[in-house]
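Let's take a walk through this structure together. Have the 3D view open and ready to rotate.

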Amino acid sequence: MARIGIAGAGVLGRLLAWRLAGEGHAVSVFDPADGPQPPVPGAVVAPNARPHAAGFTAAGMLSPLAELDGAEPAVARLGWRSLPLWQRIGQQLADGGAPGLVRVDGSLLLAHGSDRGNAQRTLSRLSGVAEAPAPQPLDAAALRALEPALAGNLLAWLLPGEGQVLPRETLQALADQSPGVRWHWNTLVEALVPGRLRLAGGSEHAVDLAIDTRGLGARPELPLRGVRGEVIWLHAPGVRLHRPVRLLHPRHRVYLVPRPGERVVVGASEIESEDRSPVSLRSAVELMSAAHSVLPELAEARIEHLETNLRPARADHLPGIEHRPGLLRINGLFRHGWMIAPAVVDDALAAAGLAGEGQSPP
Ligand SMILES: Cc1cc2nc3c(=O)[nH]c(=O)nc-3n(C[C@H](O)[C@H](O)[C@H](O)COP(=O)(O)OP(=O)(O)OC[C@H]3O[C@@H](n4cnc5c(N)ncnc54)[C@H](O)[C@@H]3O)c2cc1C
């Protein structure tokens with residue numbers, strides 16, 4: 001049994017805590033948030049307030065094939081390895097009382113007829129993962145059978161095997177189902193050195209392994225930048241959407257993700273800025289008009305709230321794992337944190353000599 005201290009209770013921090021506590025280690029987690037619960041949707045965040053985890057804002061797309069449009073094949077392979085791991089994690093969390101957090105029903109790639117050239121270019125890029133099935137073209141009848149509410153005149157492809165996770169609920173469940181973990185909320189970690197976490201206020205926490213999963217909070221120790229992303233939450237009673245869909249769009253990678261309670265999340269902009277201020281009119285108009293063009297029934301949906309957060313990115317847009325005795329740093333999950341986290345956690349623990357038995361239950 002090792003004493004492990006984790007700085008950051010976002011996607012990586014909670015997944016690590018859940019897994020390592022389940023394998024019998026003594027785990028402590030430190031985070032400036034005031035508890036494990038998701039932030040209140042739509043709450044106005046004061047400019048000087050501590051930002052919450054990017055993981056809460058994410059759409060939760062597990063879409064390694066579609067991401068090949070803009071990501072390296074190495075990222076897609078991590079995503080493809082993570083899909084069965086997510087299914088196991090989802091089953092274990094369901095057994096623990098939180099059902100339905102992970103769904104793998106494929107996703108759809110859509111384009112308007114006028115964007116056929118762009119769609120062909122994108123499709124030609126979606127072959128970077130040898131073990132993944134190829135996109136399947138759908139004619140109008142096949143599309144209607146899968147998603148009757150989508151506009152009938154769209155070009156469409158099914159990406160089999162892709163899925164989604166419910167971010168807010170999964171972050172909560174990982175904390176709830178890690179009873180052995182000592183959670184230290186309202187606690188900022190100022191620095192990590194081998195075997196120690198330095199907490200704000202001057203105290204130190206001694207461990208066998210210190211793990212840094214602070215996302216953008218790991219600066220300046222790690223060279224990272226934040227990439228702004230905006231999402232819109234819609235309440236859409238009666239609108240049937242069964243799986244995530246992505247529209248090839250000249251300016252955004254627009255996706256629509258079904259959520260419980262007859263909600264649809266529309267995302268996401270990707271803007272080179274660390275501005276966390278509210279969603280711009282331009283992003284809102286572009287994302288919502290693109291969403292309405294593929295799912296016309298959204299016309300009467302109600303806009304519940306709009307949300308902005310920053311994705312933690314390294315210069316190469318690849319995840320970074322650094323290990324030396326007593327210290328493990330994992331960061332730079334950029335726009336794929338949910339999609340690749342289980343495989344990244346496996347690789348990081350293997351590097352630290354804590355490979356264990358995979359994503360085992362607590
Ligand atoms: C709009 C948007 C949409 C997205 N959509 C998707 C998607 O569909 N699919 C996907 O796979 N990914 C998506 N992502 C990306 C994903 O959210 C991130 O890659 C992921 O959250 C990174 O995980 P993390 O654990 O490294 O960081 P985070 O989730 O940001 O967690 C970092 C944690 O560290 C804590 N922390 C910060 N500073 C300190 C400190 N000094 N001491 C202690 N703790 C600290 C924070 O409070 C936070 O809890 C999206 C992101 C955004 C913004």
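What follows starts at the ligand, moves on to a pair of helices, and ends with some backbone oddities.

Keep in mind that you're looking at a predicted model. Start with the ligand: 33 residues surround it, and the closest of them are Asp-31, Met-61, Val-189, Phe-334 and Met-339. If you colour those 33 residues by class, you'll get 18 nonpolar, 11 polar and 4 charged ones.

Where in the fold does this shell come from? Helix 1 (11–22), helix 2 (54–57), strand 14 (225–235), strand 18 (302–313) and helix 9 (337–351) each chip in at least two residues. The largest share belongs to helix 9, with 3 residues.

Now zoom in on the oxygen atoms of the ligand and look for protein backbone. Phe-334 has a backbone N or O atom 2.7 Å from a ligand oxygen. For Trp-338, a polar backbone atom sits 2.9 Å from an oxygen of the ligand, and for His-336 the distance from a backbone N or O atom to a ligand oxygen is 3.4 Å. How much of the ligand does the protein bury? On its own the ligand would expose 1,000 Å², and 95% of that is buried by the protein.

Helix 1, which you met as a contributor to the ligand shell, also pairs up with another helix. Its axis and that of helix 7 (residues 167–176) come within 9 Å, crossing at roughly 35°. The crossing is left-handed. On the helix 1 side, the contact is made by Val-11, Arg-14, Leu-15 and Trp-18, while helix 7 brings Leu-171, Gln-172, Leu-174 and Ala-175. Sorted by class, that contact has 6 nonpolar residues, 1 polar and 1 charged.

Last stop: the backbone. Most peptide bonds are trans, and most residues other than glycine have a negative phi. With that in mind, check the bond from Arg-219 to Pro-220: the model has it cis, with omega near 5°. You'll find Pro-220 in the loop that runs between strand 13 (209–212) and strand 14, and strand 14 is one of the elements that supply the ligand shell. There's also a cis bond from Gly-267 to Ala-268, where omega is near -20°. Ala-268 is in the loop between strand 17 (263–267) and helix 8 (281–294).

Finally, look at His-317, a residue other than glycine whose phi is positive, near 60°. Its place is the loop between strand 18 and strand 19 (320–324), and strand 18 takes you back to the shell around the ligand.

Technical notes
Residues numbered from 1 in each chain as written. Predicted model: local features only at pLDDT ≥ 70, side-chain atom pairs only at ≥ 80, totals over all residues. Heavy atoms only, no water. Near = heavy atom within 4 Å. Polar contact = N/O pair within 3.5 Å; in protein donor to acceptor, adjacent residues only side chain to side chain. Areas by Shrake-Rupley, 256 points an atom, 1.4 Å probe, with all protein chains shown as cover. Helix = DSSP H or I, 4+ residues; strand = E, 2+ residues; numbered from the N terminus. Nonpolar A, V, L, I, M, F, W, Y, C, P; charged D, E, K, R; others polar. Axes fitted to C-alpha atoms, helices over the stretch in contact; angles between N-to-C directions. Left-handed = near helix turned anticlockwise from the far one by under 90°. Contact = heavy atoms within 4.5 Å.
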